[in-house]
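Let's take a friendly walk through a protein model together. Have a look at the picture first, and then we will go from the whole chain down to single residues.

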Amino acid sequence: MLPARCKLTLTAVALAYAAAGRVMLAPIFNFNHIASASYTGDARAFIWTLAWDNHAVLARVPSLFNANKLYPLPNALAYGEHLFGISLFTLPIYALTRNPVLAYNIAWLLAYALSAACVHFLAWRYTRDHLASLVAGMAFTFCFYRFHHGHGHLNLMSGFWIPLSFAAIDRWIARPSWPRLIIVADIAVLQALAAWYQAVLIAVADGLFLLWAFVVEHRRIQLARLVLHGAGAMAIGAACVWPFASHYFILHQEPPRYAAGSSADLIGWFVPPENTFAGQWLLAHGLKGPRYIWGELTVYLGWTIVILGAAGAIGALRTGDTLLRRTRFFIALGVVSAVLALGPSPGEVASGRYGWSPFGLLSHVPGLSLFRIPARYTELINLALAVLAATACALLHRRYAILGQAVSAAAIALILAESYVVNFPGGQPQPHPVPTVYKYLATLPPGPVLALPDYANTPLWFDEADYQYFSTAHWYPMVNGDSREWPPAFLALTRRLKTFPGADAAAAMRESGVAYIVVHGLKPGAGGLIPPALASPDYRLIARFSSDYLFQVVPAGVR
């Protein structure tokens with residue numbers, strides 16, 4: 001039983017996070033339409049992915065990776081993140097409601113709540129100070145990086161297992177046992193199955209944590225036990241992760257030039273973005289530098305947390321407190337992550353091959369080589385700064401008591417104000433129901449579907465995700481879908497299909513087995529498709545719902 005004072009403190013902490021979340025998330029989350037509102041693009045792609053994972057489990061689909069997008073490609077799920085670890089959170093919601101948007105939005109909110117809880121817990125293990133830990137939790141949970149990606153990258157919001165893994169590894173080293181090792185392995189597996197980017201991040205972070213514990217802190221485990229436990233953890237991890245990871249060998253590593261274009265820089269880290277209060281002020285005074293919120297390079301750290309983190313680093317190096325001295329690890333984590341976030345060296349970019357830079361070294365490791373956006377290592381920098389900030393605040397509280405606590409409270413307000421999103425270009429997400437034509441499709445005999453206009457491999461590629469989301473109404477195979485890369489044979493097929501309603505498109509549909517065509521008459525690129533389709537002997541109009549037309553391919557011998 002927790003003492004009454006402890007319960008009161010934890011309740012106050014939870015309420016503080018809830019209040020901050022309600023305010024901070026409002027610009028990018030529609031609390032009034034949690035069951036129906038979503039952004040387009042990556043958000044809808046992830047809504048579909050989580051729904052497909054849940055559907056595959058509930059309907060006992062023979063192969064998770066033979067998903068219903070990108071027909072007729074096998075292994076279609078591997079052309080994007082599988083998100084299976086996140087789908088475990090959406091499964092009960094989807095099973096009860098069959099509402100993929102509601103399930104996604106609840107998982108999205110949970111990603112913030114669990115991040116706050118896990119970072120708070122990690123900071124408290126070092127500081128034993130809930131106000132200092134609240135600074136860490138607020139700084140990490142509501143950092144600008146998470147708003148920058150919050151509109152659509154749920155995979156990058158779901159790194160809460162990483163701080164928890166540090167605590168689990170620490171407990172295992174303190175008293176090695178199989179139950180504690182299994183907890184460590186389970187945490188690592190759940191993080192790896194959430195997203196491959198997170199798999200790489202936890203591998204780097206936990207590897208560095210172990211190295212620090214044994215080499216710098218001189219912690220010891222009997223060699224035989226260490227080898228046995230290490231082999232056991234690797235066996236558990238491989239058994240759980242390999243069935244998913246093995247499908248991704250169809251993807252190719254991006255060259256150094258691509259990674260260099262997605263690498264962090266000092267402007268991205270230290271200049272307030274234009275969608276913050278400080279960024280708006282800079283622009284209003286004619287100062288250049290604030291970046292747009294879209295893109296990978298706007299990874300603003302926030303000056304308040306940088307200053308507190310620097311103070312915490314100095315404090316960790318100088319303090320005699322055993323627990324607080326251990327936060328020196330986060331100095332190393334921050335430095336290593338920053339070096340990796342800078343991406344490949346100029347020499348690697350010029351040669352077109354990865355060499356011996358820190359990022360280049362990891363790019364030689366199978367699996368880790370698919371980490372193509374170095375700026376995303378900023379997630380670990382944010383975590384390091386958050387814990388070091390907690391160290392600084394804990395030292396302030398011990399030295400200055402109430403005055404130090406007042407400084408921490410003010411720091412929380414400044415941290416939140418620095419990250420708050422203003423004038424978000426996408427506005428709040430709005431309800432976007434599945435068109436009736438797709439619900440009607442579910443009443444027809446199963447068959448592959450093509451939605452037009454098709455935007456694959458075009459500047460409007462993000463609209464393909466809408467078609468995936470719409471397919472949750474029927475789960476028939478669809479030619480459409482987003483993809484990390486496009487196999488040449490698939491592009492050749494879609495080029496023929498895009499000639500609809502021409503005869504070659506009909507021939508390609510018959511060859512590939514496409515049965516239905518949905519034409520959205522009001523979408524960009526749809527002009528002129530409907531009249532010739534209605535006149536063609538190759539297609540039969542089945543139904544029309546406002547500007548959406550549903551055609552069936554007429555078999556070759558029936559025309």
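## The surface and the overall build

How much area does the protein expose, and what share of it do carbon and sulfur atoms supply? The exposed area is about 23200 Å², and carbon and sulfur atoms account for 67% of it. Please keep in mind that this is a predicted model, and every value here is computed from it.

Now for the building blocks: you can find 26 helices and six strands in the protein. The radius of gyration is 25 Å, close to the 24 Å that the globule rule gives for 559 residues, so the protein is as compact as a globular protein of that length. Along its principal axes, the C-alpha trace spans about 85 × 60 × 55 Å.

## Inside the fold

Of the 559 residues, 56% count as buried. Contacts tell us how the chain is folded back on itself. Take those between residues at least 6 apart in sequence: 76% of them join residues at least 24 apart.

Charges can be looked at as two groups. The protein has 38 positive and 26 negative charges, and the mean positions of the two groups are 8 Å apart.

## A helix with a bend

Helix 11 covers residues 223-245, and at Ala239 it bends by about 35 degrees. Look a little further along and you will meet a proline, Pro243, within four residues of that point.

Which residues of helix 11 are buried? Among them are His229, Gly232 and Gly237, as well as Val241, Phe244 and Ala245. Their cover includes helix 3 (84-97) and helix 8 (161-174), together with helix 9 (178-194) and helix 10 (196-216).

## Unusual spots in the loops

Try finding two cis peptide bonds. One joins Tyr71 and Pro72, with omega at about 5 degrees, and Pro72 sits in the loop between helix 2 (42-58) and helix 3. Another joins Leu452 and Pro453, again with omega at about 5 degrees. Pro453 is found in the loop between strand 3 (449-452) and helix 23 (464-470).

The loop between helix 2 and helix 3 also holds Asn75. Phi of Asn75 is near 60 degrees, a positive value in a residue other than glycine. Is Asn75 buried or exposed? Buried means under 20% relative accessible area, and Asn75 counts as buried because its relative accessibility is 18%.

Arg98 is another residue other than glycine with a positive phi, near 55 degrees. You can spot Arg98 in the loop between helix 3 and helix 4 (100-127). Partly exposed residues fall between the 20% and 50% limits, so Arg98, at 48% relative accessibility, counts as partly exposed.

## Two alanines and their distances

Ala406 belongs to helix 21 (residues 402-419). With a relative accessible area of 42%, Ala406 is partly exposed. Ala406 and Leu396 are ten residues apart in sequence, and their C-alpha atoms are 9.8 Å apart in space.

Ala492 belongs to helix 24 (residues 488-497). Its relative accessible area is 31%, so Ala492 is partly exposed too. How far apart in space are Ala492 and Ser165? From C-alpha to C-alpha they are 45 Å apart, and in sequence they are 327 residues apart.

Methods: Residues are numbered from 1 along each chain as its sequence is written. This is a predicted model: local features need pLDDT of at least 70, side-chain atom pairs count only at pLDDT 80 or more; totals for chains, interfaces and linings use all residues. Side-chain values use heavy atoms; hydrogens and water are left out. The bend at a residue is the angle between axes fitted to the seven residues ending there and the seven starting there. Helices (H or I, at least four residues) and strands (E, at least two) are DSSP runs, numbered from the N terminus. Buried means under 20% relative accessible area, exposed over 50%, partly exposed in between (1.4 Å probe, protein chains only). Contact means heavy atoms within 4.5 Å. The radius of gyration is taken over C-alpha atoms; the globule rule is 2.2 Å times the number of residues to the power 0.38. Accessible areas come from the Shrake-Rupley method with a 1.4 Å probe; for residues, only the protein chains shown count as cover. Lys and Arg count as positive and Asp and Glu as negative; His and the chain ends are not counted. The place of a charge is taken as NZ of Lys, CZ of Arg, CG of Asp or CD of Glu.
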